[in-house]
Amino acid sequence: MLIIKPKKYFEVCVEAEITPDLALKKVEEVKKFKVFYGNKIVELGELFEISKEGEDKKIVLGGDFSRVKWVGTRMVDGEILVKGSIGTNCGAFMRGGRIIIEKDADDWLGTEMAGGEIIVKGNAKNLVGCAYYGDAVGMSAGKILIEGNAGNYVGDKMSGGEIIIKGNAGDFIGMEMRGGVIEIHGSCGFVGGDMRGGEIRIKGSFEVLPTFKKTEKGWVGDVNVKGEGVVKNF
Amino acid sequence: MLWIKNGVVVDPKNRINAEKMDLFVKDGKIVEESKVKKGDCKVIDASGKLVVAGGIDMHAHIAGGKINTGRVMRPEEMRVVRNIAGKFRATVGRVLLTAPAIGYEYAKMGYTMSFEAATPPITSPHTHEELDAIPIIDKGALPVFGNWHLVFKCIEEKNLEKLKSLIAWTIERSKGFGVKIVNPGGVEAWMYGGNVKGLDEQVPGFAVTPREIITWLMRANEELNLPHSIHLHCNNLGIPGNYQTTIESIKLANGLKNEKRQILHVTHVQFNSYAGNSWRDVASGAAEIAKIVNSMDNVTIDMGQAIFGHATAMTGDAPFQFTLHKLIGARWSNKDTEVETGAGIVPIGYLPSNPVHTLQWAIGLELGLLIESDKVVLTTDYPNGGPFTEYPYVMAMLMSKKMREGELKRVHQYVQKATTLPSIETEKTLYEVIHMTRSLPARVMGLDKKGHLGIGADADIAIYDLNPLTTDFSNEFDRVYKAFKVSEFTIKDGDVVAKKGELVKEVFGKTFWVDASKKVDVEAVIPDVKSYFDFYTVQFSNYGVDERWLKKSKRIEVI
Ligand SMILES: [Zn+2]
């Protein structure tokens with residue numbers, strides 16, 4: 001288990017593609033891992049205290065990581081435990097393993113993820129499990145659980161996997177969705193614009209677009225794109 | 001001063017075919033041996049290497065509103081990092097490149113000039129700003145005329161003198177190079193959601209037809225005797241059965257002659273060579289097109305070859321772009337350029353498993369193989385058919401039947417019955433392919449100092465790691481492809497700018513533009529032009545580009 005803690009408050013954001021693979025390396029090696037601090041390339045050890053306890057493939061991020069981006073990018077296995085909040089793009093493109101965030105997650109959580117699990121104990125911001133601008137497909141497999149609230153554009157262009165939000169969410173949920181499930185235990189705004197497939201379940205209130213047909217399965221659409229997505233209460 | 005020693009030179013304009021010789025360069029020009037002091041020369045040992053003129057891309061979309069909108073709407077294209085800032089500028093782009101990347105990638109491949117093939121005159125300030133951000137290569141831009149209300153007015157009035165004045169005024173104001181025509185009349189019809197379907201259909205709101213637009217602009221262009229002929233993107237582009245419209249358009253050049261060059265250049269003909277009635281029975285019309293082009297001595301074309309992989313369709317042909325968007329369901333951007341023209345942009349990709357894409361790929365090659373090498377220029381209509389960085393693929397394919405056989409095995413077999421490609425035995429020679437990429441585009445554009453290595457030519461030179469005397473082009477296609485991908489040396493105006501695919505020096509090329517304003521009474525058209533400024537969003541005094549704004553202006557005066 002590798003323990004990483006910031007040495008100071010970061011004036012500008014740090015871009016650190018930290019994955020559990022680092023936990024298998026020697027502390028001295030980990031310290032040399034290259035990250036961006038603003039527009040400068042620096043070594044991880046310059047910005048963070050690094051220590052190791054045991055050999056399991058796990059990283060614990062202590063302290064404030066809310067200005068640290070791209071944690072867990074492309075990870076395939078192992079675990080990352082974030083003791084506080086995490087910056088943007090956490091878990092982007094991840095294919096396996098688990099990320100647990102004890103406080104909040106910033107925008108672009110689990111973008112284009114294709115496997116694994118992300119658990120957020122606090123709130124998540126916008127664009128959870130979506131596609132990067134210009135790309136055709138968002139999250140395709142895996143699971144994201146948010147125990148608090150989420151922002152706008154959850155599951156944009158999502159084609160598979162599961163996003164569960166225990167609180168409320170914002171507008172434009174499951175836009176251009178093709179598959180998978182979004183489950184919201186609270187309420188949200190507009191859902192399913194240009195949705196082609198998949199299912200959006202909402203416990204509270206939501207706003208459906210006029211391009212969805214009411215059926216016994218729920219609201220089916222988006223008719224504009226000949227979609228067969230389902231939006232329903234549960 | 002440069003001394004390029006012992007190279008194997010191929011220079012079709014000067015009828016030099018793989019001769020071992022030395023070249024000398026002084027003050028950016030190719031000079032006689034006696035004009036240099038050998039001791040002061042920087043020597044490049046080109047033993048066993050191919051020495052040719054720098055490549056010329058006579059039709060690409062490299063600057064202005066369309067490519068820039070493409071960049072904006074395709075952020076995914078911008079994620080490929082090509083160069084990190086340092087001695088050279090930061091560049092990104094997969095197929096849609098940033099402006100500096102365009103200059104760098106051409107130079108690394110041994111190309112030294114490229115033309116932006118369509119700029120609305122009103123947006124010429126934008127086009128030139130971007131051209132000025134492209135390093136190394138020489139550039140030029142073709143303003144579009146085929147859907148401009150003012151052009152229609154001159155034709156309706158049957159006033160050739162006024163049309164000539166308008167052309168001369170416009171290319172001077174826009175610092176343009178020649179007369180581009182895109183889907184004549186069709187883009188105007190698109191302003192009302194329509195298109196024109198044939199040469200004799202009237203343009204909505206005007207008493208003119210596409211046939212008249214083409215012939216009047218052709219006559220005006222010839223009377224002005226501009227360096228380049230009219231440059232035509234035919235009606236019905238991208239529609240099955242369109243090869244007949246293309247043939248009819250080509251015939252419009254009948255009866256006219258020019259000593260130095262063609263009367264009509266038809267561009268990216270691959271997109272205009274479809275037989276059949278629908279996408280279900282679409283087939284190649286390339287053999288018919290080849291027959292008519294070969295039978296005429298005043299028409300040239302360029303291929304518009306499709307390359308498998310990513311591309312972005314961007315043309316002034318706004319109705320076609322909408323059709324394409326509906327056909328493939330990809331993103332779409334539409335442009336309405338005031339009273340002058342329109343445009344559209346749609347991302348595409350060519351897949352070897354898709355029958356239509358494979359057909360397009362095969363038609364481009366058919367045109368390149370079946371048409372005489374003195375009449376067909378190699379292009380991909382970048383980025384419509386794909387990246388210009390794959391020109392070496394097209395060059396190698398034209399020279400090797402065996403390479404084509406290999407490729408034909410991996411593509412959709414629809415091409416077996418829908419095209420003649422599998423049965424074509426022709427293998428173009430290196431001499432022919434060098435002509436199609438250098439001396440021919442130079443002649444088509446009317447540039448006598450470009451595309452060759454004769455005394456007095458601009459010292460734009462490419463040296464490749466390929467010995468024509470010992471290479472078997474039919475069988476060693478892989479090596480040929482790789483050799484043309486990156487030059488050993490690219491020399492621009494006498495400076496070595498790239499070496500083995502690495503940039504060495506950043507220089508800035510010239511922007512070539514044509515000034516024919518002395519040939520006509522430009523004032524004759526000004527009252528008409530001014531009357532249209534009731535409809536423009538800019539004022540007359542703010543229209544166009546002044547010469548002093550250009551980074552490096554090269555004015556070509558027509559007298
Ligand atoms: Zn074009």
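**Exercise 1. Place B:E156 in its helix and work out whether B:E156 is buried, partly exposed or exposed.**

Start with the secondary structure: B:E156 sits in helix α4 of chain B, which covers residues 149-156. Keep in mind that this is a predicted model.

Next, take the relative accessible area, which is 35% for B:E156. Buried would need under 20% and exposed over 50%, so B:E156 comes out as partly exposed.

Now look for its partners. Skip the neighbours within four places in sequence, and B:E156 is in contact with B:G205, B:F206, B:A207 and B:V208.

Finish with a distance check: B:T127 is 29 residues from B:E156 in sequence, and their C-alpha atoms are 30 Å apart in space.

**Exercise 2. Do the same for B:N467: where is it found, and what does it touch?**

Find the element first: B:N467 lies in a loop of chain B, between β21 (461-464) and α16 (477-485).

Then the accessibility. The cut-off for buried is under 20%, and B:N467 has 17%, so it counts as buried.

Last, the contacts: with residues up to four places away in sequence left out, B:N467 touches B:V8 and B:G48.

**Exercise 3. Find the donors of the zinc ion and say which parts of the chain they link.**

Pick out the coordinating atoms: NE2 of B:H59, NE2 of B:H61 and an OD atom of B:D381, at 2.1 Å.

Write the spacing along the chain, and you get H-x1-H-x319-D. The pair B:H61 and B:D381 links distant parts of the chain, 320 residues apart. On one side, B:H61 is in the loop between β6 (55-60) and α1 (65-73). On the other, B:D381 is in the loop between β20 (376-377) and α12 (391-399).

Buried or exposed? Both B:H61 and B:D381 are buried.

**Exercise 4. Describe how chain B meets chain A.**

Count the residues: 4 of chain B are in contact with 4 of chain A. Then take the area, about 270 Å² buried between the two chains, with 39% of it on carbon and sulfur atoms.

Which residues supply most of chain B's share? B:P75, B:E76 and B:R79 give 82% of the area that chain B buries against chain A, more than any other three residues.

Now go through the polar side. There is 1 salt bridge across the interface: A:D135 pairs with B:R79, and their closest N and O atoms are 3.0 Å apart. You'll also find 3 residue pairs in polar contact. On the chain B side, the touching residues split into 1 nonpolar, no polar and 3 charged.

Note on methods. Residues are numbered from 1 along each chain as its sequence is written. Chains are lettered from A and ligands numbered from 1 in the order in which they are written. This is a predicted model: local features need pLDDT of at least 70, side-chain atom pairs count only at pLDDT 80 or more; totals for chains, interfaces and linings use all residues. Side-chain values use heavy atoms; hydrogens and water are left out. Contact means heavy atoms within 4.5 Å. Buried area is the accessible area (1.4 Å probe) that two parts lose on being put together, summed over both. A salt bridge is a side-chain nitrogen of Lys or Arg within 4 Å of a carboxyl oxygen of Asp or Glu. A polar contact is a pair of N or O atoms within 3.5 Å; within protein, one must be able to donate a hydrogen and the other to accept it, and residues adjacent in sequence count only if both atoms are side-chain atoms. Ala, Val, Leu, Ile, Met, Phe, Trp, Tyr, Cys and Pro count as nonpolar, Asp, Glu, Lys and Arg as charged, and the others, Gly among them, as polar. Donors are N, O and S atoms within 2.8 Å of the metal (3.2 Å for Na, K and Ca); water is not among the atoms, so sites may look incomplete. Helices (H or I, at least four residues) and strands (E, at least two) are DSSP runs, numbered from the N terminus. Buried means under 20% relative accessible area, exposed over 50%, partly exposed in between (1.4 Å probe, protein chains only).
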